[in-house]
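Let's take a friendly tour of some cysteines and aromatic rings. Have a look at the sequence and the structure first.

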Amino acid sequence: FNREKVYRPQGANCDGSAIHPGSMCCQGDAYVKCPGGRGCINAANIAVQPKPDNRPRCPPSHPYAYWTDNQYCCRFNREKVYRPQGANCDGSAIHPGSMCCQGDAYVKCPGGRGCINAANIAVQPKPDNRPRCPPSHPYAYWTDNQYCCRFNREKVYRPQGANCDGSAIHPGSMCCQGDAYVKCPRGRGCINAANVGQ
């Protein structure tokens, strides 16, 4: 069967849900030992069932989990703007590290803490507020990524050794092919432009 037997002492691993690798009970005790002793996989025509997620969920009316240990659920997918909290309350998309909810429209997590977003709501990653190189010069390089290069190659300048040897540009590079560089828009700490990988 594709169901666990209900056996309360084993909790979520024997609660009658779909069988998964962490299950400890089989419905009707209808099981056989793995032919190899351990490490069995499902028969070729049976898909593996994921372990059920028993963490508390935010209610559909306030579907977005946020705050330390996801203690609160927000009605909107936006932070409130509250400057003393900086990037964690800057009006961007809400994420687990957010500290403010737009319009203060929040409720406490039904489980007290550890909430996950309501069903069918994806977790938003924490926004990356580091400065980006411009699309015309997308590659960050030099100490503290102070410059942005037009090309993904170093210039060859032998006195600088491996940091200017014509290889792919990286944060430790000290030369840009053709000297085609601009200063990082905020002076330092740039990351590659959005149109290229990190």
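## A buried pair of cysteines

Cys164 and Cys175 are both buried in this predicted model. A disulfide links Cys164 with Cys175, with an S to S distance of 1.9 Å. The torsion about their S-S bond is about 80°, so this disulfide is right-handed. Both cysteines lie in the loop between β5 and β6, so the pair ties together parts that are 11 residues apart in sequence.

## More disulfides, and a cysteine without a partner

How many disulfides are there? The count comes to nine. One of them joins Cys58 to Cys73. Its torsion of about -80° makes it left-handed. Cys58 sits in the segment before β1, while Cys73 belongs to strand β2, so the link ties together parts 15 residues apart in sequence.

Another disulfide connects Cys74 and Cys101, with their sulfur atoms 1.9 Å apart. This link is right-handed, with 75° about the S-S bond.

Why does Cys26 have no bond to the closest cysteine sulfur? That sulfur, in Cys25, is 8.9 Å away, which is too far for a bond.

## Rings that meet

Now for the aromatic side chains. The count comes to six aromatic pairs. Among them, Tyr66 and Tyr72 form a tilted pair, 6.1 Å centre to centre with 40° between the planes. Tyr66 is buried at 3% relative accessibility, whereas Tyr72 is partly exposed at 21%.

Ring pairs also link Tyr66, Trp67, Tyr72 and Tyr106 into a cluster. Tyr72 has a charged visitor too: the charged end of Lys108 sits over the ring of Tyr72, 4.9 Å from its centre.

How values were computed: Residues are numbered from 1 along each chain as its sequence is written. This is a predicted model: local features need pLDDT of at least 70, side-chain atom pairs count only at pLDDT 80 or more; totals for chains, interfaces and linings use all residues. Side-chain values use heavy atoms; hydrogens and water are left out. Rings of Phe, Tyr and Trp (its six-membered ring) pair if their centres lie within 6.5 Å; planes under 30 degrees apart count as stacked, over 60 as edge-to-face and the rest as tilted. Buried means under 20% relative accessible area, exposed over 50%, partly exposed in between (1.4 Å probe, protein chains only). A charge sits over a ring if NZ of Lys or CZ of Arg is within 6 Å of the ring centre and within 35 degrees of the ring normal. A disulfide is a pair of cysteine sulfur atoms within 2.5 Å. Helices (H or I, at least four residues) and strands (E, at least two) are DSSP runs, numbered from the N terminus.
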